[in-house]
Amino acid sequence: MPLVNNKVGNDCTVGTDKTLADGKDLVESVIKVVACYRHLAACVGGCTDSLQLRDELRQTREKALNLAEAIRLHLTSHLRDKSLPEDQRKEMELLWVAFSSSLELLHVDMCKVFSMGDNFSLANTASLVQTGLQGGGSEVAARALSLADLNQEPPTLPAGLESQERSTMEQEISQIDHMIDDMEKKVNVLRWMVEPRGPQYADPLSSTESASLALLSVDEEQPGHEPRCQRSLIFVFLLLFAVVLVAATLSVCLVLFS
Amino acid sequence: MFTYVCVCVCVCVCVCVCVCVCVCVCVSPLQMEKVIVAMQDPDMGMKMRNQRLLITVIPHAMTGVCVLLLWCSTESLHLGNMLVKYGYIYPLKEPRCLVLRPDESPYRFQVRPLSMSILPTFYNPAIYLAKKNIRKQGELMEYEKERYSLLHKRINHTWDFVVMQAREQLRASKQRRKADRIVLECQEQAYWLINRPPVRSITLHCIQLYCAIEACRKALGRNRVKSSICLEGFLKYSEQYLNHDPIMQGCLPSNPWISDDTAHWTMNAEIVPVPTRLRVERWSFSFMELLNDAMGRREFMTYLEKEFSAENLYFWQACEDIRHGESSKIVEKVEDIYKNFLAPGAARWVNIDSKTMDKTLEGIKRPHRFVMDDAQMHIYFLMKKDSYPRYLKSDLYKNMLAKAIVPQETKKSVFPFMRRQRHSSPSPAQTATQAAEEEGLAKGAGANSAAGSHF
C-alpha cells in the first residue's frame with residue numbers, strides 16, 4: 001500500500017529520515033545474523049556437531065527469517081511509493097540490493113546445512129569428521145540473537161529434533177525462495193544502476209581489532225612471514241636466556257656473599 | 001619400543017583397510033566419506049596428534065607418512081594425493097602445495113561440502129577476498145588482487161554488502177576461541193585454493209569470440225530497408241527461383257517420396273558426368289550459388305585456369321577451410337596459406353591491396369579462425385566483379401548449358417488410378433485461382449441478397 005504523505009516541510013523529511021535509518025538498522029542486523037549463521041554452518045558435519053549446534057542454527061535461522069520478513073515489508077512499501085524523493089529512493093535501492101544479496105547468501109547456507117544434515121546424521125557420532133574444532137558456537141549464536149549470553153544450562157532437546165528440523169528447514173528454504181521471487185515481481189530495482197558508497201578496498205578495521213586478527217593468521221608461504229616468526233622465537237629465547245643469566249648471577253652472588 | 005608397537009599395529013590393520021579402500025576407490029563422495037571415517041577410527045585408523053602453533057594447541061592433525069602407512073599398497077600415494085586434491089585433507093604447513101608428502105608434514109581433515117549451489121554466486125569469493133584483505137591490511141597475492149578487482153567490476157552494485165558481510169564475519173569469528181578461529185581460517189583458505197578458478201588471460205578463444213561478436217554487431221547496424229523495396233526484391237527472387245522449386249514446379253523426373261524412384265537424387269548428386277539444366281541455370285543467378293555447388297566450382301576453376309587467375313579461387317577455398325575447419329589445424333593451415341599465397345615470391349601469389357595485406361600479415365602472428373577474413377573478402381569481390389561475369393559469357397558456360405540434360409517426366413502409367421504424380425500436392429497457385437473462381441461465383445449469387453456482413 002503506498003504511503004500518502006500529506007505533510008509538507010520539515011516533518012516529512014524527518015519522517016523519511018527515520019524510515020531510512022530504520023531500514024539501515026534492519027539491514028545491518030540481517031547481515032550480522034547471516035554472517036553468524038554462516039559461521040555456525042561451517043561446523044556442521046565436524047566433531048563439534050551436536051543437537052545443541054542444530055538448535056542454535058534453528059534459532060539463528062528463525063531470527064533471520066523474522067528480520068527478513070520485516071525488511072521486505074518495509075522496503076517494498078517504500079519503494080512502491082511513487083512520491084518518494086529521488087535521493088531517498090537511491091538509498092532505499094542500496095538497502096534493497098544489500099538485502100537481496102543477504103537473502104541469497106542465507107539461502108545458499110541453508111541449502112548447504114540441509115544437504116550436510118542428510119549426510120552427517122547425529123545418530124552416528126563416529127561418522128563425524130574430526131576437523132580440529134573444539135569449542136561450540138554458543139557465543140556466535142548469542143551474537144546473532146543479540147543476547148548477552150545464551151541460557152546457561154542447555155535446554156533439554158528432544159531426540160527427534162533432527163527429523164523435525166529437516167521438515168521445517170525444507171519449508172523455510174521454500175519460504176525464502178518465494179520471498180526472493182516475490183520481491184523481484186513487486187519492485188523493479190535496476191541493479192546495474194545502483195552505485196555503492198564504499199571504496200573498493202575496505203578500510204581495515206579499527207587498529208585493535210586488526211592487530212588481534214593479524215596475530216591469528218596462519219603462516220603462509222610468504223617470505224615476509226618466515227623471518228617474522230623466527231624473529232619472535234629468537235626474541236623469546238633471548239629473554240629466557242637473560243632471565244636465566246640474571247638468576248644465575250644472583251645465586252652466585254648469594255653464595256659468595258652469604 | 002612404543003613406536004615399534006605402533007608401527008606393528010598400523011601394519012597389521014592395513015590389510016583390513018586395504019580391502020575397504022579397494023572397494024571404495026572410484027565411487028561417489030558418500031563412499032569416500034566412509035573411507036575418511038574409517039581412517040579416523042580410534043581403533044583401526046591412524047593416530048592423531050596435536051598441532052602446536054606458538055601458544056595454541058589444535059588437535060586432530062596427522063602426518064603425511066601416517067596416511068601412507070595406513071594402506072600398504074602402491075596406490076596409496078596416488079590415493080593420498082587425490083584426497084588432498086579434492087579437499088578431504090588439507091596441508092597445514094604449505095597450504096598452496098596440494099600434494100600428499102610422505103614425510104612429517106602435517107595434515108588435517110575437513111568436511112567437504114558435497115553439493116554446491118547450482119547458480120554461480122560471486123558473493124562467496126568476493127567476501128572471502130574482502131576478509132583476507134581486511135585481515136592482511138591489503139597484502140594480497142597478485143592473482144588474488146586481480147580476482148578482487150574483477151569481482152569488484154562484476155558485482156559492483158552490491159559491493160557495500162560484500163564489505164559489510166566480510167566485516168561481520170570477521171567479528172563473528174572473534175567470538176570463538178583462538179584455536180577454532182585458526183582451524184576455520186585454514187579450512188576456508190584450503191577450500192579457495194582448491195576451487196581457485198584458472199587465471200584469466202586473453203586467449204585466442206577470446207579473440208575468436210570477439211570477432212564473432214563484431215560480425216553480429218555489424219549485422220545489427222545494417223541499414224533498414226523499407227518493406228516495399230525489400231518486398232520487390234523478394235518477389236524478384238521468388239520469380240527467379242520459381243522454376244527451381246520442387247514444391248511449386250514439381251521435380252523431374254518424378255518426386256522420389258511419392259514414386260519411390262530415386263532418379264531425381266542420382267541426377268542431382270554432387271558430382272555427375274552431366275548436370276541437369278536447372279542446376280546449370282542456377283549458377284547464373286549469383287556467385288554464391290556457383291561457389292556452393294561442387295560441380296560449379298570445378299567448372300569455374302577450369303575457366304580460371306584458362307585465364308591464369310586460378311590462384312584466387314584456391315586462396316578463397318583455403319580460407320573457407322580455415323573458417324569451417326578444425327581448431328587444432330588452424331595454425332598450420334595459416335602457415336600453408338602464407339607460404340603458398342601471401343609470401344613474396346610465392347607459387348600462387350594473390351593480388352591483395354597493401355592495406356589488407358599489412359593487416360593480414362599482422363594477424364598471422366597470432367593466428368585464429370577469422371584472421372584471413374579481410375583478404376578472403378577482397379578476393380571474393382574481385383572474382384565476383386571480374387571473373388564471374390566473364391565466365392557467364394564464356395563459351396565454357398554456354399556449352400555446359402547446352403549439354404545439360406532435362407530429364408523426362410516419368411510417363412503416366414496406363415491405369416489411371418496408378419498415375420505417378422509429378423506434383424506432391426496441388427500447387428498453391430492452382431488452389432488460389434480455384435478459390436478466386438468460387439468466390440466470384442458466390443459473389444454473383446449473393447448479389448441479390450441484402451448487403452450484410454460480407455465476411
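Q: How many residues of chain A are in contact with chain B, and how many of chain B with chain A?
A: This is a predicted model, and contact here takes heavy atoms within 4.5 Å. Put together, chain A and chain B bury about 6100 Å² between them, with 60% of that on carbon and sulfur atoms. The contact count is 65 residues of chain A and 67 residues of chain B.

Q: Which two residues meet in a salt bridge between chain A and chain B?
A: The count between chain A and chain B is one salt bridge. Its N to O distance is 3.0 Å, and the cut-off is 4 Å. The side chains involved are those of Arg143(A) and Glu168(B).

Q: Which helix gives the largest share of the side of chain A that touches chain B?
A: Six residue pairs are in polar contact between chain A and chain B. On the chain A side, the elements giving two or more residues are H1 (10–41), H3 (86–119), H4 (138–144) and H6 (207–216). The largest share is eleven residues, and it comes from H3(A).

Q: How many residues of the side of chain A that touches chain B are nonpolar?
A: Let's split that side by residue class. Its charged residues come to 13 and its polar ones to 21. The nonpolar count is 31.

Q: What percentage of the residues of chain B count as buried?
A: Chain B has 22 helices and four strands, and it exposes about 27400 Å². Buried means under 20% relative accessible area. Of its 455 residues, the buried portion is 38%.

Conventions
Residues are numbered from 1 along each chain as its sequence is written. Chains are lettered from A and ligands numbered from 1 in the order in which they are written. This is a predicted model: local features need pLDDT of at least 70, side-chain atom pairs count only at pLDDT 80 or more; totals for chains, interfaces and linings use all residues. Side-chain values use heavy atoms; hydrogens and water are left out. Buried means under 20% relative accessible area, exposed over 50%, partly exposed in between (1.4 Å probe, protein chains only). Accessible areas come from the Shrake-Rupley method with a 1.4 Å probe; for residues, only the protein chains shown count as cover. Buried area is the accessible area (1.4 Å probe) that two parts lose on being put together, summed over both. A polar contact is a pair of N or O atoms within 3.5 Å; within protein, one must be able to donate a hydrogen and the other to accept it, and residues adjacent in sequence count only if both atoms are side-chain atoms. Ala, Val, Leu, Ile, Met, Phe, Trp, Tyr, Cys and Pro count as nonpolar, Asp, Glu, Lys and Arg as charged, and the others, Gly among them, as polar.
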